[in-house]
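Trainee: Before we look at anything in particular, could you show me how to read exposure, surface patches and salt bridges in a model like this one?

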Amino acid sequence: MAMFKESNVAQPQGLTSAEAARRAAAGQRHSTRFEGTRTYSQIFRSNFLGTINISLLSIGLALIILERYTDAFISASIVVINVAVGLFQEIRAKRRLDHIALINRPKVTVIRDGAEQDILPDETVLGDVMVVEPGDQIIVDGTVLSGKIEVDESLLTGEEDLVRRTEGMEVSSGSICVTGRAIIEATRVGNDSLAARITTGARAYRRSLTPLQQEVNLILRVLLLMTAFFGGLLLIGSIMHDTPVTETVLAAAVIAGLVPPGLFLMITLNYAMAAVKIAGMDALVQSSNAIDSLSNVDILCLDKTGTLTANKLKMQEVLPIQGSEADIRAILGDFAANVTAGNKTTDAITQAAPGETRSINDEVPFTSARKWSALSFDDAGRRGVVALGAPEMLGRYVGEDLERPAEIEAWAERGLRVLLLTACPEPATLTADEANPTLPESLCAVAWICFADELRPHSQETLASFREAGIQLKVISGDNPTTVAALARQAGLSETDAISGLDLDAMSDSQLADAAEEFDVFGRITPQQKERLVDALRRRGHYVAMIGDGVNDVLSLKQANLGIAMESGSAATRNVADIVLLKDSFGALPAAFTEGRRIRSGMQDILKLFMVRVFSVAMLLAAALALQAGFPFSPRQISILSTLTVGVPVFFLALWARPTLVKEGEMLRSLVHFVVPAAITITMAALTVYLIFHTGHDPDTLAALRDGGVIVLTNSQNSALSEINQARDAITVTTVLCGLLLLIFVEPPKRWWVGGDEYSGDWRPTILAGIMFLALIGILFTSFLRDFFGMGRLSLQDLAVVVGVVVVWTFVVRAIWRYRLLDRLLGLSISRNVIPEETPETKTA
């Protein structure tokens, strides 16, 4: 029996089909395509028109002009792979979200031409008369024409309490009918509705760069400037010395190689592999850099209702006043099984104590104003009245003073919801006066029952792992501050005071920022205040992630560095999030966090190797130009260095990377600590080898030097040319051997190798270095490969000289790292794990 059935009210006729069609044609249709849901063209533009891709395409164009078609093809291929991986991932995420939105699309029942009919949400027009029943989501703003309903507005406000709406009152889009039945008229549709207005500030798509991407972009700009600088010097030198065009072109190709396209490919592949891995753990990655972004988070903000909690209750304990617990559970089970309109409380009872369907002769449904509900059973298996509700409301019907046991006070302190179960043995009429239902005078108290908010799966373990990782947790909710604080304690957060949105309203921006850092629990917070809190934390230098599910969370998700949404949340929230937790489970977040740290750790090693190669080659070029000693490499020799020291190894380093904590600013300091000494000492070693092998030449010989072709030379020029070619070969072997040893230094398998990076004990990079060394030997001693890479044949004596220089370099660079010579000069502070103390144990190791 439904108390709110309005049988005496004539049903409105609603719009005619013709009038509805005219209003739709006039633009009064409920069309709310959320612009955060990107189109395919927007996805393509955001992936293609990036700084890295444009830079690589520019380099490719320059290489085509230089007639280096193979190198141009490689550069363009990197762009194609970058774009293809990004498109695949983000289009896949879009389709999955579109599918979720489709299956979760609310049904709409309208009255047109005097009859009820079901239509699609976007077919609703202004002035439509709609029928709302329990479970229906209200998609437009409207006015109640008749009937009484109670709605859940938690997606809009974050508050769990039901709100009563009766004739003449307004209802808001985004709310859900929980009890009752009403007929409403649509007064605001489309972008004029409340839900659409709340999300107005979140409609523009934004892509936030992670600290790793910002650092790589900075490196890219430096390298582009460096390339432009050397290119300018080369052009000036060519004009001044009348250098042949072919030699200038080959030199320009080497200079263009200073911008390493493989570095950007590794970032793309790392992100793609992480997204695929996390997708298997029920997390949908919408933004390619989201996993990396998560690893930088130092403050995690969570909404309460529907995010931290599952928007469900769990029956915790039963404390009998009379009778046994088994009897009380049977009464509760029958009560929950027979109410006309269930709610979270009856759902929790059903889960804990299943009951049977009985015959009832009257019912009083629950309302937030009354705070109790009752059934009158008239069945062979159960007779009498059973009422369940708030103790302060039902207590007045019990003919005795209720004593609250100590357990009840303990439950209240823990934030649990306490209800009172009452009963009388005889059936009764409860709704003789429907507006003021009554309970029989013989009602007596039977038991105390407590309920707890049910937390999301894996939420406690996830939050505990984040706390252990040093991430500060903050719960921001539209609910009562006391309730939010109690739930925060239940979730494992430390004891903390709560602050209300009313207090924040009176604060200046600086005071609000102080409160944002000081407090961990915020209640009665509006969507705009959530946005301000997140913005204040970011302005204080924090990297903020926000987890939410409702329309009221959209603005704060957009403001955060990283937005995370629940699958069951609103479509607007899912659309703006960087990560969507499928099945509403927190379980994927710890793995994603670890994967993000693994990416950063691996990219740190990869950056070190790339930067050493780039800067050592750049300094060799600068020295050669300054000394007019000829170009130290040919393009084909550079390809040996690139392939053996970074091209192949970095792919495996990315696969083998270990998750480590990289603090803010430490990555740049670590790069400087490793790269600068290595690049300078490799340059010095290469110049030493060059001076040893190149004892003299004349300018005419250098002008005649080129890669390929036939030049008529004198005997003295032939001798000088041979020395220059031999010096080039020796420099190539020297830089390759140093680069292979850097693979060992970057992941030290034994403590003797610690200095440039912290001890790992991983032998795989060392084995890989050995394999690359064998590849180098194959190139040097196979005539076909030597000719292909433009290498001459070095004698064993020549190789011994090279190896001797490399051995000296090894001890020198290790000493610079270990004694922190550069760090002390620059005032850098490096982790003690990287710079071990010299002890007898480390010396023998």
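Mentor: Let us begin with exposure: buried means under 20% relative accessible area, exposed over 50%, and partly exposed in between, with a 1.4 Å probe and protein chains only. This is a predicted model, in which local features need pLDDT of at least 70 and side-chain atom pairs count only at pLDDT 80 or more, while totals for chains, interfaces and linings use all residues. Residues are numbered from 1 along each chain as its sequence is written, and side-chain values use heavy atoms, with hydrogens and water left out.

Trainee: Into which class does Phe651 fall, and why?

Mentor: Phe651 counts as partly exposed because its relative accessibility is 34%. This residue belongs to helix 25 (residues 649-656), where helices (H or I, at least four residues) and strands (E, at least two) are DSSP runs numbered from the N terminus.

Trainee: Which residues form a nonpolar patch on the surface with Phe651?

Mentor: Patches are made of residues with over 30% relative accessible area and no salt bridge, like charges being joined within 9 Å and nonpolar side chains (Val, Leu, Ile, Met, Phe, Trp, Tyr) within 5 Å. Here Phe651 is joined by Met273 and Leu655, and together the three have about 230 Å² of accessible area, a value from the Shrake-Rupley method with a 1.4 Å probe, for which only the protein chains shown count as cover for residues.

Trainee: How many salt bridges does a search of the whole structure find?

Mentor: A salt bridge is a side-chain nitrogen of Lys or Arg within 4 Å of a carboxyl oxygen of Asp or Glu, and the search finds 26 of them. One of these pairs Arg22 with Glu19 at 2.6 Å, N to O; the two are three residues apart in helix 1 (residues 17-25), so about one helical turn separates them. Arg22 is exposed at 51% relative accessibility, whereas Glu19, at 22%, is partly exposed.

Trainee: What parts does the pair Arg383 and Glu426 tie together?

Mentor: Their side chains meet in a salt bridge of 3.5 Å, N to O. Arg383 lies in strand 13 (residues 383-389) and Glu426 in the loop between strand 14 (417-424) and strand 15 (444-455), so the parts tied together are 43 residues apart in sequence.

Trainee: Is Glu595, in its salt bridge with Arg598, buried or exposed?

Mentor: Glu595 is buried, with a relative accessible area of 5%, and Arg598 is buried as well, at 11%. Their salt bridge spans 2.8 Å, N to O, and both lie in helix 23 (residues 588-627), three residues apart. Elsewhere, salt bridges with shared partners join Asp334, Glu356, Arg358, Asp379 and Arg382 into one network.
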